[in-house]
2 protein chains.
Amino acid sequence: MKVIRTVSGMRAARRLMAGPVGFVPTMGYLHKGHISLVELSKKHNDSTVVVSTFVNPTQFGPKEDFDKYPRDEARDLAMLEKAGVDIVFLPARQEMYPDGFDTWVEVKGITDKLEGAARPGHFLGVATVCNKLFNIVRPQRAYFGQKDAQQVLVIQKMVADLNMNLEIVVAPTLREPDGLAMSSRNVYLNTDERKAATVLYRALLKAKEMKQAGEHDNATIRGAMMEMIRAEPLTKIDYVSIADTISLQELEQIHSQALVSLAVRFGKTRLIDNIVLT
Amino acid sequence: MKVIRTVSGMRAARRLMAGPVGFVPTMGYLHKGHISLVELSKKHNDSTVVVSTFVNPTQFGPKEDFDKYPRDEARDLAMLEKAGVDIVFLPARQEMYPDGFDTWVEVKGITDKLEGAARPGHFLGVATVCNKLFNIVRPQRAYFGQKDAQQVLVIQKMVADLNMNLEIVVAPTLREPDGLAMSSRNVYLNTDERKAATVLYRALLKAKEMKQAGEHDNATIRGAMMEMIRAEPLTKIDYVSIADTISLQELEQIHSQALVSLAVRFGKTRLIDNIVLT
């Protein structure tokens, strides 16, 4: 496994690659969810698997957790080596955002909602860094987790609108045995918060059950979910949403596909999760 | 010469190209300046020369000349065929901007000045369409004319900031025998306006002479240029600028390289021109 820290180095390595390149962009502090993306890339017969680990400063708001976002390069590299990754791209901030950097990729519309509404500027940073990484790595396929459902939609829209030459592959959310979605941010949780955090998936399953039992009213289902979340100590709801899976417009009545998503704070830690109702 | 009208057709043709691809993006209604870009591409041994002609609606303001911008497809195709172009990419508006399109590439900073200040949103449209065209055509080199000096800077900055994988080549402005820079918009001029328009280049040469004669003061040189332009009938100055060639910041004293640029209306027709003082 080769570790590359400069854009020019990554470009040079890319020029030598023959056959399809699979790419897994991450912010490091890897978990099994990330590794499942690597495995998917291998399953798709990508000749070369490239993983980037870069904690992207431009997708964090000024009051968010950029500085304390967990980092452990040695652990990440060991996990990626074991997973059979070919190249790890590990750029410094200055490599990605040199002095004077000032070009931004903005996906409008769907970024006004959910995470975009709660975290202004977040998707501007996400779209910009992914655009740059796609141009540097030039993969045939890039792999993202369904856990960040809106991020997937934003990236897919950017790729389509800007005619970028790659396929976005989405992999299912991996969960801990008690249902908590794997996330690098789970490490922030203390014992009580960790216990309370299981309510995220329980609330999502509640929505699924209610729909299956014939309930179609958004307000009724969301009401039941919020009641369940508020019954847990230490929780503060950012949003609970049942929306169209493409436009992210909130649905009044749920009759076809719907994205059920939520963002909840447990103490200082903000977690998100989602499921798709079919 | 092959004429391609769809993005998917252009992509398919691109996949078959071996060797370096040279690309000349235009808005059609071609003149010798455009053809000089094709010739430069051939001189650089580009294996395939692709020209796009697309009057890009997103770079025109609501009160600008999008609807009346001159178009003559048959004439353009004849000129390109004669120039030895391999592929003409001629997409319809709906191909480039399908319903729901909403992703934008914004170069900040230098776009606040000169043309960007006079034409709000212009460079958002320019950067976005060039980003898309570069992704569709995937050239090794793209050719632009120095006449649109700020456009060149914006595109170069976008390519650098977003790590796009191509070289931007800039070709000198071609001029009519009386000095008027070639432009598709010159066709708008009536006889009197056409005569008056020669003042653009004369004013630029005036700046050059004054600098060579030892004058370094921006205000003094610009004053002389503006006086010369105002002496012509039918003129209305949008701006006259002597600025840093990279930041486009107006210079107080001109001691090193400087971009002398101007935008002047002749009746309803707005023309721009520039020279670089060294």
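**Exercise 1. Helix α7 on the sheet**

Task: In this predicted model, find which strands helix α7 of chain B lies across, and at what angle α7 runs to β7(B).

Solution:
- Locate the helix. α7 of chain B spans residues 149-161.
- Look at what it covers. The helix lies across β6 and β7 of chain B.
- Read the direction. α7 runs at about 165 degrees to β7(B).
- Now take the other helix, α6, at residues 122-137 of chain B. It lies across β2 (21-26), β3 (48-53), β4 and β6 (141-145) of that chain. Its angle to β2(B) is about 150 degrees.

**Exercise 2. Strand order and edges**

Task: State the order in which the 6 strands of the open sheet in chain B are arranged. Then explain why one side of β1 and of β7 is left without a neighbour in the sheet.

Solution:
- Trace the order: β1-β4-β3-β2-β6-β7 in chain B, with parallel pairing.
- Go to the edges. β1 (2-4) and β7 (167-171) of chain B stand there, and each has a single partner strand, so one side of each lacks a neighbour in the sheet.
- Add the twist. From one strand to the next, it averages 25 degrees.
- Check the β1 edge. β1(B) pairs with β4 (residues 87-89) of chain B in the parallel sense, over 3 bridges. Within that pair, B:Val3 stands opposite B:Val88.

**Exercise 3. Strand β6 of chain A**

Task: Decide whether β6 of chain A is largely enclosed or open, and give the reason. Then follow the bridges that join it to β7(A).

Solution:
- Count burial, where a residue needs 20 or more other C-beta atoms within 10 Å of its own. In β6 (residues 141-145) of chain A, 4 of the 5 residues are buried, so the strand is largely enclosed by the rest of the structure.
- Turn to β2 (residues 21-26) of chain A. It is joined to β6(A) by 2 bridges, and the two run parallel. A:Phe23 has A:Ala142 as its bridge partner in β6(A).
- Turn to β7 (residues 167-171) of chain A. Here 5 bridges make the link to β6(A), again parallel. A:Tyr143 has A:Val169 of β7(A) as its bridge partner.

**Exercise 4. The nonpolar core**

Task: Which residues touch the most other members of the largest nonpolar core? List what B:Val137 touches.

Solution:
- Start from the core, which holds 147 residues.
- Pick the ones touching the most other members: A:Val137, A:Val154, A:Leu200, B:Val137, B:Val154 and B:Leu200.
- Zoom in on B:Val137. Leaving out residues up to four places away in sequence, it touches B:Met10, B:Arg14, B:Val21, B:Phe23, B:Val50 and B:Phe89.
- Recall the background: in soluble globular proteins, nonpolar side chains tend to be buried together.

**Exercise 5. Two chains, one axis**

Task: Work out what kind of axis relates the chains, and which element of chain B supplies the largest share of its side of the contact.

Solution:
- Superpose. Chain B falls on chain A after a rotation of 180 degrees and a shift of 0.0 Å along the axis, with RMSD 0.0 Å.
- Name the relation: a two-fold axis.
- Find the axis in chain B. The C-alpha nearest to it belongs to B:Val105, at 2.3 Å.
- Compare surfaces. The same surface serves both copies, as 100% of the contact residues of chain B recur in chain A.
- Size the contact: 22 residues from chain B and 22 residues from chain A.
- Assign the elements. β5 (103-107), α6 and α7 of chain B each supply at least two residues of its side. β5(B) gives the largest share, 5 residues.
- Sort by class: 9 nonpolar, 6 polar and 7 charged residues on the side of chain B.
- Finish at the strands. β5 (residues 103-107) of chain A pairs with β5(B) in the antiparallel sense over 5 bridges. There, A:Glu106 has B:Trp104 as its bridge partner.

Conventions. Residues numbered from 1 in each chain as written. Chains lettered and ligands numbered in written order. Predicted model: local features only at pLDDT ≥ 70, side-chain atom pairs only at ≥ 80, totals over all residues. Pairing = 2+ DSSP bridges. Axes fitted to C-alpha atoms, helices over the stretch in contact; angles between N-to-C directions. Contact = placed C-beta atoms within 7 Å. Core = buried A, V, L, I, M, F, W, Y, C linked by C-beta atoms within 7 Å. Buried ≥ 20, exposed ≤ 12 C-beta atoms within 10 Å, placed from the backbone. Least-squares fit on C-alpha atoms with pLDDT ≥ 70 in both. Nonpolar A, V, L, I, M, F, W, Y, C, P; charged D, E, K, R; others polar.
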